[in-house]
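Trainee: I have a model open and would like to practise reading it with you. Could we go through it one point at a time?
Mentor: Happily, let's look at it together.

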Amino acid sequence: MKGKENGVQRKILDINPRAFFIPCSAHSLNLVVNDACKCSLDAISFFGVVQQIYSYFSGSLSRWQVFRSYFPDITVKSLNDTRWESRINALKPLRYNLGKIYDALMQIFEDPRIQTTSVGNSSRNEAKGLANSIFIFKFMVALVSWYDILFKVNISNKILQNKKVDLNVATQQLNITKNKLVKMRNDEGFQRIIVDAAEIAKELETVTNFEEKHVGRRRKKRQFDYETQDEALQDPKEKFKVEFYFKILDTAIKSIAERFEQMRQYNSMFGFLHDIYSISSKSLAELLKNCRNLEKILTHGSQKDISAADLCNEIKVLSGRLPQQITPHEVLTFIVEQRLIDCLPNICISLRKLLTLPVSVASGERSFSKLKIIKNYLRSTMLQERLVGLSIISIEHEKSSILNLKEIVKTFATKKARKIKI
C-alpha cells in the first residue's frame with residue numbers, strides 16, 4: 001500500500017498527484033510493537049514462553065481443568081501479530097497471577113496420577129520446564145517491562161480507533177505515547193521496574209538477581225594485530241538493562257518517529273485549520289505563510305485547488321463570526337447551515353480535505369477479521385453472493401439483531417409465491 005515507487009500509493013499519485021496517503025494509525029502503532037518485540041533475543045524468548053504457557057494449558061482438557069481451579073474467572077490468551085490487543089491480553093494474567101500459574105504447573109508436575117505413562121512424563125517435563133522459565137528473575141523483569149509499555153501503547157491504540165478522531169488528536173496521542181516511552185528510558189525507570197518485579201519474586205520466593213549461565217564462545221581470528229577485542233558487559237543487570245530494556249524502548253521510540261512522520265507532515269499542513277476561532281489573535285504574516293504552504297501542496301502544474309490570499313482573507317473574516325471555539329467539522333457545518341459556501345469556497349475546500357483524511361480504518365480491519373469466522377472449513381464451497389450476505393449480517397450485527405425474521409420470511413414468501421389462488 002505505501003510503496004512510493006511501485007505500490008498502490010504510486011499508482012494513485014500517478015492519477016491524482018494531489019492525493020494524500022495516510023496509513024491506519026492503529027495498525028501502524030501495532031507495527032511499532034511488532035518492531036520492538038523482534039529487536040532483542042530476550043524479547044523473542046520472553047514471548048515464546050508466554051505462547052508456550054497458553055499452548056500447554058489449552059492443549060489438554062485435564063491441564064485446562066487444573067488451570068481453571070486456580071483461575072475460575074480469567075484465562076490465558078494466545079499471541080497474534082495482527083490482533084492489536086493480543087499481547088497486552090496475553091500478559092495481563094501473568095502480570096498479576098504469575099505465582100498461581102507457577103503453582104498450577106508444579107501441581108501438574110507433581111501429580112502422581114500421570115507419572116506412570118510416557119505421555120504423562122512428557123507433559124510433566126514440559127510443565128517443569130515452563131515453571132523453571134517463569135521462576136527466573138529476568139522473566140519477571142521482562143514481564144513488568146512489557147506490561148507497562150504495552151499498557152501505555154494500548155490506551156493510545158484505543159483512542160486512535162475512535163471514528164471521530166482527527167489528525168490533530170491522533171498526532172497529540174502519538175506524541176504523548178512517545179514522551180511516556182522516553183520518560184521510561186532511564187535508570188530511574190528501570191529501577192522502578194526492578195522494584196515491581198521484586199514483589200513478584202517475593203511471592204514466588206526466588207532470588208532477585210540477573211545471574212545467567214555462562215556459555216563458552218569460540219575465539220575469532222583478528223585481521224590485524226592492532227585490533228582490540230570488544231569488552232562485553234560483565235554485570236548481568238547492566239547487560240540486561242542495555243540489551244533488553246533500553247533496546248526495546250529505543251526501537252519503539254524510533255519506530256513511532258519513522259512510521260508516523262507522514263502523518264505529522266500532513267498535520268503541520270492543515271494544523272492551523274483546527275482553531276479558526278482563535279486565529280484572529282495571531283499575526284497576519286504567520287497565517288498567510290500557512291495558507292501559502294497549503295496552496296503549494298494542493299497545486300499541480302497550472303491547476304490548484306485554493307488561493308492562498310483568498311483563504312487567508314476568508315479565515316480572518318470567519319474567525320470573527322464564529323460563536324465559540326469549535327472543531328473543524330462544526331465549522332464546516334456552520335458554513336453550510338448559514339449558506340456561506342459561495343462566500344467561503346477556499347475554506348470549504350480546505351476543511352473538506354482535512355476532514356476526509358482517514359486516521360484509522362479499524363472498522364475495515366474488523367470486517368476482514370469476520371471472514372475467518374464466517375468462511376471456515378464447513379463452508380468451503382460457499383459462493384460469493386452468500387459470503388457477502390453473511391458478512392454484512394455479521395458486520396452490521398447491531399442492526400440485524402433487531403430485525404423481525406418471521407416478518408421478513410413472510411414477506412419473501414409472499415413475493416416469491418408461484419401458486420395462483422383460485
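**Contacts, helix faces and cysteines**

Mentor: Let's start with a loop residue in this predicted model. Leaving aside residues up to four places away in sequence, His274 is in contact with Asp166, Asn168, Asn267, Ile326, Pro328 and Leu354.

Trainee: Is His274 buried or exposed?
Mentor: First, place the residue: His274 sits in the loop between H11 and H12. Its relative accessibility is 11%. The cut-off for burial is under 20%, so His274 counts as buried.

Trainee: Moving on to H12, what distance separates its end C-alpha atoms, and what span should we expect?
Mentor: Helix H12 covers residues 284–297, which is 14 residues. At 1.5 Å a residue, the expected span is 20 Å. The end C-alpha atoms agree with that, being 20 Å apart.

Trainee: Which residues of H12 are buried, and what arc do they cover around the axis?
Mentor: The buried ones are Leu287, Cys291, Leu294 and Glu295. They lie on the same side of H12, because the arc they cover is only 105°.

Trainee: And which residues are exposed on the other side of H12?
Mentor: Think of the helix as having two faces here. The buried residues pack against helix H11, strand E1, strand E2, helix H13 and helix H15. On the other side, the exposed residues are Ala285, Lys289, Arg292 and Lys296.

Trainee: How many disulfides does a search of the whole structure find?
Mentor: Let's try two cysteines, keeping in mind that a disulfide needs sulfur atoms within 2.5 Å. For Cys312, the closest cysteine sulfur is in Cys291 at 4.8 Å, too far for a bond. For Cys39, the closest is in Cys37 at 8.1 Å, also too far for a bond. The search of the whole structure agrees with this, and its count is zero.

Trainee: What are the relative accessible areas of those two, Cys39 and Cys312?
Mentor: Both values belong to buried residues. Cys39 is at 17%, and Cys312 is at 5%.

Trainee: One last pair: how far apart in space are Asp35 and Ala252?
Mentor: Asp35 lies in helix H2 and is partly exposed, with a relative accessible area of 27%. Not counting residues up to four places away in sequence, Asp35 touches Thr251, Ser255 and Arg259. In sequence, Asp35 and Ala252 are 217 residues apart, yet from C-alpha to C-alpha the separation in space is 7.0 Å.

Key:
Residues numbered from 1 in each chain as written. Predicted model: local features only at pLDDT ≥ 70, side-chain atom pairs only at ≥ 80, totals over all residues. Heavy atoms only, no water. Buried < 20%, exposed > 50% of the residue type's maximum accessible area, 1.4 Å probe, protein only. Helix = DSSP H or I, 4+ residues; strand = E, 2+ residues; numbered from the N terminus. Expected span 1.5 Å × (residues − 1). Arc of directions from axis to C-beta. Contact = heavy atoms within 4.5 Å.
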